[in-house]
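Please open the structure in a viewer and keep the selection panel at hand. The tour proceeds by selections, each followed by a description of what is there.

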Amino acid sequence: MIVISFAKTNREMDARFIELAVEKYSNMLFRICITILQSREDAEDAVQDTFIKYMTEAPEFKSNEHEKAWLIRVATNISKNLNRFKLRHNSLCLDEIEEIGISDEDSGVFEAIMSLPAKYKIVMDLHYIEGYTASEIAEITGVNADAVRKRLQTGREKLKKELERRGFDEL
C-alpha cells in the first residue's frame with residue numbers, strides 16, 4: 001500500500017496527485033452521487049465540487065483509505081446539500097444506467113434501489129456496492145453505527161418489497 005503525503009504550496013496540491021485521485025475515485029464518487037441525487041448533471045456537479053474541495057482543503061491523509069473515506073464523506077455532504085438547496089431533476093434517465101457501470105441484468109435492482117429514500121440508498125450503496133462495513137459507513141457519513149445497521153435492515157426490507165412489486169421472483 002502506498003501512502004501519499006501531499007506537500008502543499010499556497011494550498012494547492014501537485015497536479016500529479018490530483019490527476020491520480022480523479023482517475024482512481026471519480027467513477028466511485030459519481031455512483032455515490034448519482035445514487036443520492038438521481039440526476040446525471042447534479043452528480044457530475046457534486047463530483048466536480050468534491051475534487052475542487054479536495055484541491056483546496058484536503059488534509060494530509062494517513063493512508064489511501066483515509067483519502068477515499070474523506071472524498072466519500074465530502075461527496076455525500078455535497079450531494080445532500082444539492083438535494084436540500086437546489087432545484088434538481090426528478091429522475092435518472094434509464095438509458096444512462098449502462099454508462100455508469102450498471103449492467104442490463106442489474107438495472108432492475110438499481111432502479112429499485114433508486115426508488116428508496118436517500119438515507120437508505122447511500123448506506124446500501126456503500127455497503128453492498130463499495131463493500132464498507134457498518135462501522136466504516138458510520139465514520140464516513142457521520143451517522144451512528146447502530147443507525148447505519150438499522151438503515152441497512154430497513155433498506156433491505158423496503159428493497160425486497162419494491163423488487164417483489166416489480167415482479168422479481170428471486171432475491
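The following stops cover model confidence, then the aromatic residues, then a charge over a ring.

Begin by colouring the chain by pLDDT, since this is a predicted model. The mean pLDDT of the chain is 79, with 77% of residues at 70 or more. Next, select residues 1–12, where pLDDT stays under 50. For this segment the model has 26 contacts beyond four places in sequence. Where pLDDT is low, the predicted coordinates should not be read in detail.

Turn now to the aromatic rings, among which four pairs are counted. Select Tyr54 and Trp70: their ring centres are 6.2 Å apart and the planes meet at 55°, a tilted pair. Extend the selection to helix α2 (residues 40–57), which holds Tyr54, and to helix α3 (residues 64–85), which holds Trp70; the pair therefore ties together parts 16 residues apart in sequence. Are these two rings buried or exposed? Tyr54 is buried, at a relative accessible area of 0%, and Trp70 is also buried, at 17%.

Keep Trp70 selected and add Phe61. The centres of these two rings lie 5.8 Å apart with the planes at 65°; because this angle is over 60 degrees, the pair counts as edge-to-face. Phe61 is buried, as is Trp70. Adding Phe51 completes the view: Phe51, Tyr54, Phe61 and Trp70 form one aromatic cluster.

For the final stop, select Arg16 and Phe17. Arg16 lies over the face of the Phe17 ring, 5.5 Å from the ring centre.

Notes: Residues are numbered from 1 along each chain as its sequence is written. This is a predicted model: local features need pLDDT of at least 70, side-chain atom pairs count only at pLDDT 80 or more; totals for chains, interfaces and linings use all residues. Side-chain values use heavy atoms; hydrogens and water are left out. pLDDT is the predictor's confidence in each residue, from 0 to 100. Contact means heavy atoms within 4.5 Å. Rings of Phe, Tyr and Trp (its six-membered ring) pair if their centres lie within 6.5 Å; planes under 30 degrees apart count as stacked, over 60 as edge-to-face and the rest as tilted. Helices (H or I, at least four residues) and strands (E, at least two) are DSSP runs, numbered from the N terminus. Buried means under 20% relative accessible area, exposed over 50%, partly exposed in between (1.4 Å probe, protein chains only). A charge sits over a ring if NZ of Lys or CZ of Arg is within 6 Å of the ring centre and within 35 degrees of the ring normal.
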